[in-house]
Amino acid sequence: RYLGAERRRGSLIDIAQIHPNMRFKSRMAAEHVQLLHNVIVPISRLTGGGGGGLGSNSIGSGTTIYLDPEVLRISSRGGAGSRVDGGGVSQGGGFGGGGGGREHGTEGIACFAELIAINGIFLDHKIESIAGNVIVFDVDLVQLRTALAATLQSIGNMGGDGGGARSVPLHNSSEDARNSSFRSTSSNFHSSSSFVVVMKLAKRGGLPCLCLDTSCANGSLDVHHAVPVRILRAEEWQHHLPPVVNTPDVQLEFQLDRPLRPVIERMKAISPIIYVEGSMAGEMSLKIDSDAVAIQTFYDKLIPRVDEESSQSQQEPAKCTLKVDSKKLLASLQWQSSMARGSVGSYIICLIRNEMMVVHVMLSPEEVGFFTYYIPVHYLSEDMFDY
């Protein structure tokens with residue numbers, strides 16, 4: 001699945017020997033590894049993958065990572081499968097290949113995440129390249145998720161015999177929690193001086209890899225993981241930028257105590273289509289209408305988010321109705337079940353008529369970063385609107 005094993009010292013060769021003048025190395029504390037894992041878990045459900053190993057020709061699974069001295073960016077597209085051929089995204093945003101564990105019905109969804117490097121996702125890091133210190137590569141996000149989860153487990157094991165500390169679960173996805181007994185102590189995550197996690201680009205078996213090396217300060221235990229990557233030219237990042245969309249007709253901010261996912265999950269079992277109706281008066285409704293049943297759920301007292309450039313001269317609050325696949329909408333809300341409450345601040349639902357539904361999630365603290373889902377919608381003519 002992923003390349004994780006103890007190895008002899010010196011068996012990893014610096015990535016600069018493959019790509020001259022290119023280097024990336026960072027140090028991470030447990031909370032940084034946890035944050036990156038929390039963000040990657042729901043995104044990895046869009047792309048699937050996990051089937052490629054060392055020497056595989058199917059490196060990447062619809063996910064591209066961008067690194068520079070300031071930020072780490074992740075760009076993923078749903079339905080990408082487990083194989084990327086020829087490098088880069090097609091004009092339609094799709095990749096070839098099969099599912100490999102992804103959610104069904106995720107085709108067409110795009111997800112874009114941005115995390116601040118220093119004081120965000122890394123303790124410190126060094127990056128060098130001839131492309132203005134920018135590095136871009138394809139990676140299988142499922143393999144990276146598994147390596148991060150195993151790293152968190154090894155961190156817990158390193159401090160597991162400290163004695164006396166109360167055992168608490170790591171904030172894993174429900175899937176990882178079922179497959180592993182990831183446990184740590186409350187003191188483990190606050191004793192960052194006892195271990196160090198190094199993330200770097202290096203070479204293994206003749207292939208460039210993103211490596212996670214975890215070691216104790218006393219040298220009693222070393223754990224190493226290597227996920228194959230495919231280095232891209234920096235200019236190829238332009239093919240993985242988030243979609244350009246028009247100014248939303250409706251933008252509403254939700255607090256975390258009002259999740260949409262439980263409602264969407266129940267509606268999905270009844271209808272493949274959900275109508276999302278929003279108003280800048282701070283109201284939103286979710287509606288399904290099938291031959292057997294009609295259901296509508298209402299949310300009020302939401303926070304309208306107004307752009308400075310938007311005109312507020314109209315007397316009536318702006319409204320918008322979207323027709324969305326229930327599977328796509330549910331896939332874009334998986335983070336509500338897998339991420340720890342303290343890692344997310346709030347989220348905003350943006351409705352763009354006959355174009356896109358956008359779910360923008362702000363991490364906590366907000367300065368750390370965000371991730372955004374772009375969900376395609378069905379066309380609705382004017383005579384199909386209820387207002």
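**Figure 1. Histidine 224 and its surroundings in strand β13.** In this predicted model, histidine 224 belongs to strand β13, which covers residues 222-232. With a relative accessible area of 9%, histidine 224 is under the 20% limit and therefore counts as buried. Its side chain has a partner to look for: the side chain of aspartate 213, with which histidine 224 makes a polar contact at 2.9 Å. Serine 154 is another residue to find in this view. Although 70 residues separate serine 154 from histidine 224 along the chain, their C-alpha atoms are 10.0 Å apart.

**Figure 2. The protein as a whole, as a setting for the close-ups.** Take a moment here to get your bearings. The protein has 22 strands and six helices. Of its 387 residues, 52% are buried. Among contacts with a separation of 6 or more, 70% are between residues 24 or more positions apart.

**Figure 3. The largest nonpolar core and a second, separate one.** The largest nonpolar core holds 78 residues. Which of its residues touch the most other members? They are Phe137, Trp335 and Met357. Helix α1 is the element that gives the most to this core, contributing eight residues. A second core stands separate from it, with 15 residues that include Ala110, Phe112, Met356 and Tyr374.

**Figure 4. The neighbours of methionine 357.** This view stays with one of the core residues named above. Leaving aside residues up to four places away in sequence, methionine 357 touches Val276, Leu322, Val324 and Leu329. Its contacts also include Ile349, Cys350 and Leu351. Tyr373, Tyr374, Ile375 and Val377 are touched by methionine 357 as well.

**Figure 5. Helix α1, with a kink at valine 41.** Helix α1 runs over residues 30-47. Is this helix mostly covered or mostly uncovered? It is mostly covered, as 16 of its 18 residues are buried. Follow the helix to valine 41 and you will meet a kink of about 35 degrees, shortly before proline 42. What of the span from end to end? At 1.5 Å a residue, the 18 residues of α1 should span 26 Å, and because the end C-alpha atoms are 26 Å apart, the two values agree.

**Figure 6. Strands β15 and β19 side by side.** Strand β15 (residues 273-279) and strand β19 are antiparallel and are joined by seven bridges. To line the two strands up by eye, start at glutamate 277, which stands opposite threonine 321 in β19. Strand β19 takes in residues 319-325 and is mostly covered, with five of its seven residues buried.

**Figure 7. Strands β20 and β21, a hairpin with asparagine 354 in its turn.** Strand β20 (residues 344-352) pairs with β21 in the antiparallel sense, over eight bridges. Valine 344 is a handy starting point, since its opposite number in β21 is leucine 363. Three residues lie between the two strands of this hairpin. Asparagine 354 is in the loop between β20 and β21. Its phi is near 55 degrees, a positive value in a residue other than glycine. Asparagine 354 counts as partly exposed because its relative accessibility of 30% falls between the 20% and 50% limits.

**Figure 8. Strands β21 and β22, a hairpin with a cis peptide bond in its loop.** Strand β21 covers residues 356-363 and is mostly covered, with seven of its eight residues buried. It is joined by seven bridges to strand β22 (residues 369-376), and the two run antiparallel. One pair to find is valine 361 and its bridge partner in β22, phenylalanine 371. The two strands form a hairpin with five residues between them. Proline 365 is found in the loop between β21 and β22. The peptide bond between serine 364 and proline 365 is cis, with omega at about -5 degrees.

**Figure 9. Asparagine 133 in the loop between β7 and β8.** The last view turns to the loop between β7 (124-128) and β8 (135-139), where asparagine 133 is placed. Asparagine 133 is not a glycine, yet its phi is positive, at about 60 degrees. Is asparagine 133 buried or partly exposed? With a relative accessible area of 30%, which lies between the limits of 20% and 50%, asparagine 133 is partly exposed.

Definitions and conventions. Residues numbered from 1 in each chain as written. Predicted model: local features only at pLDDT ≥ 70, side-chain atom pairs only at ≥ 80, totals over all residues. Heavy atoms only, no water. Helix = DSSP H or I, 4+ residues; strand = E, 2+ residues; numbered from the N terminus. Buried < 20%, exposed > 50% of the residue type's maximum accessible area, 1.4 Å probe, protein only. Polar contact = N/O pair within 3.5 Å; in protein donor to acceptor, adjacent residues only side chain to side chain. Core = buried A, V, L, I, M, F, W, Y, C linked by side-chain atoms within 4.5 Å. Contact = heavy atoms within 4.5 Å. Pairing = 2+ DSSP bridges. Expected span 1.5 Å × (residues − 1). Bend = angle between axes of the 7 residues up to and from the residue.
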